[in-house]
Amino acid sequence: QTYKNWKRFQYIPIVDNEGMLLGYKENHEIYNYSNKVIIMAGGLGTRLRPLTYDTPKPMLKLAGKPILQEIIESFKLKGFNNFLISVNYKAEVIKNYFHEGRDFGVKIHYLEEEERLGTCGSIKLAQTFINEPFFVINGDILASIDYEQLLIRHKEEKNDITICTFPYHYTVPYGVIEINHSTINITEKPTYTHQINCGIYLINPSLLTLIQEHTYLDMPNLIQEAILKQFKVGTFMIDEWIDIGNLDDFYKARDRVNHTKE
């Protein structure tokens, strides 16, 4: 499933018992989950300057829409309509665009960071809104994910946290020499594949007990703490993922999204 195809499946045909078409409904009209989605949108975006001097990174536009809007719509299409957006830098730009989400067919509440708390410190601010597994996604990511299947897998495997991963390939531009005792093997420009952390998670509320209030904590440290405390950590591999971390990434993502919408 590609990012392009994922954007296509917005409507579901409604048929009668004889298979005659009665009409269409949007995905979110049929599937309506109560699970919250936390979007991390408070970063400074220093690697995207000068674009982020006046605009927070999640509000940079791809094909006429802010990245943050693309993320919200991707969840809405799958029936997830309740959002908590963590804001800090240029928060008023985000709030003045989305307000409470009514114009976008969703509900939005803002988590105000008075100090920089890291991903998990911001999540702790949401604990009064959380009573079931919730999603966390960085505000600079586009991905093609079946969120419903992610939720099903999370529950079936009885995970406390499920980490979305993406296969990352890289090629060494040289011949690699492997020495095993007296034997030497040379592999010319080998390609290696690793599963990388996509910055997208599904988390049980029980993990919030591992986060101290008003304390800076990033997600990798929370995951390590969860492992030490014997919480169950699982993974969910996805096929399409765009990370917008720097200027080159942004321009590549913009070209890619523009191409898929032509």
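**Aromatic rings**

I began with the rings and found that Phe-75, Phe-80, Phe-83, Phe-135 and Tyr-147 form one aromatic cluster. I keep in mind throughout that this is a predicted model.

I then asked how many aromatic pairs the structure holds, and the search returned 13. Among them is the pair of Phe-98 and Phe-104, which I noted as tilted, with 5.0 Å from centre to centre and 45° between the planes. I looked up the accessibility of both partners: Phe-98 counts as buried because its relative accessibility is 2%, and Phe-104 is also buried, at a relative accessible area of 18%, a value that falls under the 20% cut-off.

Next I turned to Phe-166 and Trp-241, whose ring centres are 5.5 Å apart and whose planes meet at 40°, so I entered this pair as tilted. Which parts of the chain does the pair tie together? Phe-166 belongs to strand E10, residues 161-171, and Trp-241 to strand E15, residues 240-243, so the pair links parts that lie 75 residues apart in sequence. For Phe-166 I read a relative accessible area of 16%, which means that the residue is buried, and Trp-241, at 16% relative accessibility, counts as buried.

**A charge over a ring**

I looked up Lys-95 and found that its charged end sits over the ring of Tyr-110, at 5.8 Å from the ring centre.

**Cysteines**

I searched the whole structure for disulfides and the result was zero. To follow this up I looked at Cys-198, which takes part in no disulfide; the nearest cysteine sulfur belongs to Cys-164 and is 6.3 Å away. Since a disulfide requires the two sulfur atoms to be within 2.5 Å, I could see why the pair of Cys-198 and Cys-164, at 6.3 Å, is not counted.

Is Cys-198 buried or exposed? I found 2% relative accessibility, so Cys-198 counts as buried. I also looked up Cys-120, which has 0% relative accessibility and therefore counts as buried.

**Asp-249**

My last entry concerns Asp-249, which I located in helix H8, residues 247-260. With a relative accessible area of 23%, Asp-249 is partly exposed, because this value lies between the limits of 20% for buried and 50% for exposed. Leaving aside residues up to four places away in sequence, I found that Asp-249 touches Asp-243 and Ile-244. I also checked Asp-249 against Leu-48: the two are 201 residues apart in sequence, while their C-alpha atoms are 9.2 Å apart in space.

Methods
Residues numbered from 1 in each chain as written. Predicted model: local features only at pLDDT ≥ 70, side-chain atom pairs only at ≥ 80, totals over all residues. Heavy atoms only, no water. Buried < 20%, exposed > 50% of the residue type's maximum accessible area, 1.4 Å probe, protein only. Helix = DSSP H or I, 4+ residues; strand = E, 2+ residues; numbered from the N terminus. Contact = heavy atoms within 4.5 Å. Phe/Tyr/Trp six-rings, centres within 6.5 Å; stacked < 30°, edge-to-face > 60°. Lys NZ or Arg CZ within 6 Å of the ring centre and 35° of its normal.
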